[in-house]
Amino acid sequence: MSFFDIIWNWIDSRAHISDIPLKAMPEYTMDISYWTGGLLAAAFIFQAITGVLLMLYYTPGASTAYSSTQYIINKVPFGIILLNAHLYMAYVMILLIFIHFFRNYYIGAYKKPRELAWIIGILMALVVVGSGFTGYFLPYTEVSVDATDVGVGLASKFPLIGNFLASLITGNGTISSEFGRMLDLHILILPAILMLLFGIHMYLYEKNEATPPVSMKTEQKGSTLSWVPTFLSYTAGITLILWGFVIVIASVFPVPLAPEAGSSVIVQAMPEWYLVAPYKVIDFVPISSNIIYILLVIVIFYMLVPFFDRSESRDPKDRPFFVSIVTVNLDYFILFTIWGYLQPAVQVQPVVWIPIMLGIIAFNFGLTYGLYYKYRKVTPTGSERNSFTHSNTKNKKQHFSDASDCNDKKEGVDK
Ligand code: HEM
């Protein structure tokens, strides 16, 4: 028995940690692709800890927000690392949401019985973006205040609840009331909603279990590993690696504080990087508030995608239509983000953007469907082909029935 086993057994015999009713997990989940959500949870805990520490020094208000942020950077021991680690982890969280979203989309994890976990996930993504938006305002820099004004203006155009949303952010319109609202949303209301949704998300995950790899045709689990201590130590390990990585990046590459709001410096309003793409699309549409409708359609589409994609197979190779849609969106996001940084707030004429957007659609659909039609025939793999040639008649019959099973499955493919 190793030293760690002795320590662990001692703790477990007192604290009964291994009795915690967390299900044993399939062995295939011992793979980082199954932990994008776990990393997100680790990032959230980091934000809560660093956020509480920042609140010890930060003072909201038009005359104090910027100076207290400067105080954190220049006077508080390790304050510059604390502030930057909070900022970088917010970026990592958004990046992880993208990765978690695309990973679950491509492997069809939204399909029955995980539709609800998927919908809750989309809501969580919106809450995280809301947290980023409200946090951006707090240091009260020129660039962040301008970007917030643009955001509030657009929120007010939201159908039916636009005015409510805008007043939720700005309060009675005075700057002190706006600070109060932004801070309450950032440190209290949105984190509380996120925790509630996370609890439901995890409950559903615990009940429905992890989506098996696409190569597995059924929901079978195979061999399992116990949560405690195997997955507990795995979670602790990846959490510490993530936290360490962000602290190092924050120490080596601190982001300089932009000029204070109201200073004479003229800056271009620019949202955080993950909102630059929709910000650029405003330059495409004649009425800027139309971006709200575009975003609404995108969010509703992805919320309801489990009900649109009715194919039985989760394999991306069998779902060319839905794979093309999300890949087009990913391409648009990357393109408009780069474009937004290069030419912010520069109008783009339909004669320029329409061919580009159509070209991306044609390219992605062409490529995905091309590959789909090329590989859609079920061909036996090398080893299967051997067994096919050398096995007895009974085995051959079995192989035929397997192949026809696969062909049957293809009938459930999206068109
Ligand atoms: C703050 C945001 C989020 C957190 C903290 C979170 C957390 C988690 C965790 C810990 C898991 C367990 C397995 C894993 O790590 O993958 C999970 C699974 C899952 N999440 Fe999320 N998630 C978030 C956002 C989202 C989003 C945006 C979506 C998609 C719209 C989503 C959809 C799912 C689905 C479908 C599963 C089940 C995956 C499977 O069966 O393998 N989640 N989430």
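Start with α5: this helix gives the most to the shell around the ligand, with 7 residues. Keep in mind as you click around that the model is predicted.

**Stop 1: the ligand shell**

Select the ligand and bring up its surroundings, 27 residues in total. Gly37, Leu40, Gly121, Ala125 and Thr211 are the closest. If you'd rather color by element, pick α2, α4, α5 and α8, the ones that give two or more residues to this shell. Now switch to coloring by residue class: you'll get 18 nonpolar, 8 polar and 1 charged.

**Stop 2: the largest core**

Next, hide the ligand and go for the largest nonpolar core, which has 50 residues. Where are the most contacts inside this core? Select Ala43, Met89 and Met93. To see what the core is built from, show α2 (36-55), α3 (65-74), α4 (79-106), α5 (115-137), α6 (142-155), α8 (175-208), α9 (227-252) and α10 (276-281), the elements that each give two or more residues to it. Highlight α4 in its own color, since the largest share, 12 residues, comes from there.

Stay on Met93 for a moment. Leaving aside residues up to four places away in sequence, Met93 touches Leu40, Ala43, Phe44, Gln47 and Val128. Two of those names should ring a bell: Leu40 is among the closest residues to the ligand, and Ala43 is listed with Met93 among the residues with the most contacts inside the core.

**Stop 3: a second core**

Now select Ala109, Tyr110, Tyr302 and Phe322. They belong to a second, separate core of 10 residues.

**Stop 4: α12 against α13**

Move along to α12 (residues 320-342) and α13 (residues 350-375). At what angle do these two helices pack? About 145°, with the axes 9 Å apart. Turn the view until one helix lies over the other, and you're looking at a right-handed crossing.

For the contact itself, show side chains in two batches:

- on α12: Pro320, Val323, Ser324, Thr327, Val328, Asp331 and Tyr332
- on α13: Ile360, Ile361, Asn364, Phe365, Thr368, Tyr369 and Tyr372

By class, this contact divides into 9 nonpolar, 4 polar and 1 charged.

**Last stop: zoom out**

Show the whole protein chain as a cartoon, and you'll have 15 helices and 2 strands on screen. How much of the chain is buried? Of the 415 residues, buried ones make up 25%. Finally, try a contact map: among contacts between residues at least 6 apart in sequence, 78% join residues at least 24 apart.

Note on methods
Residues numbered from 1 in each chain as written. Predicted model: local features only at pLDDT ≥ 70, side-chain atom pairs only at ≥ 80, totals over all residues. Core = buried A, V, L, I, M, F, W, Y, C linked by C-beta atoms within 7 Å. Buried ≥ 20, exposed ≤ 12 C-beta atoms within 10 Å, placed from the backbone. Helix = DSSP H or I, 4+ residues; strand = E, 2+ residues; numbered from the N terminus. Contact = placed C-beta atoms within 7 Å. Near = placed C-beta within 6 Å. Nonpolar A, V, L, I, M, F, W, Y, C, P; charged D, E, K, R; others polar. Axes fitted to C-alpha atoms, helices over the stretch in contact; angles between N-to-C directions. Left-handed = near helix turned anticlockwise from the far one by under 90°.
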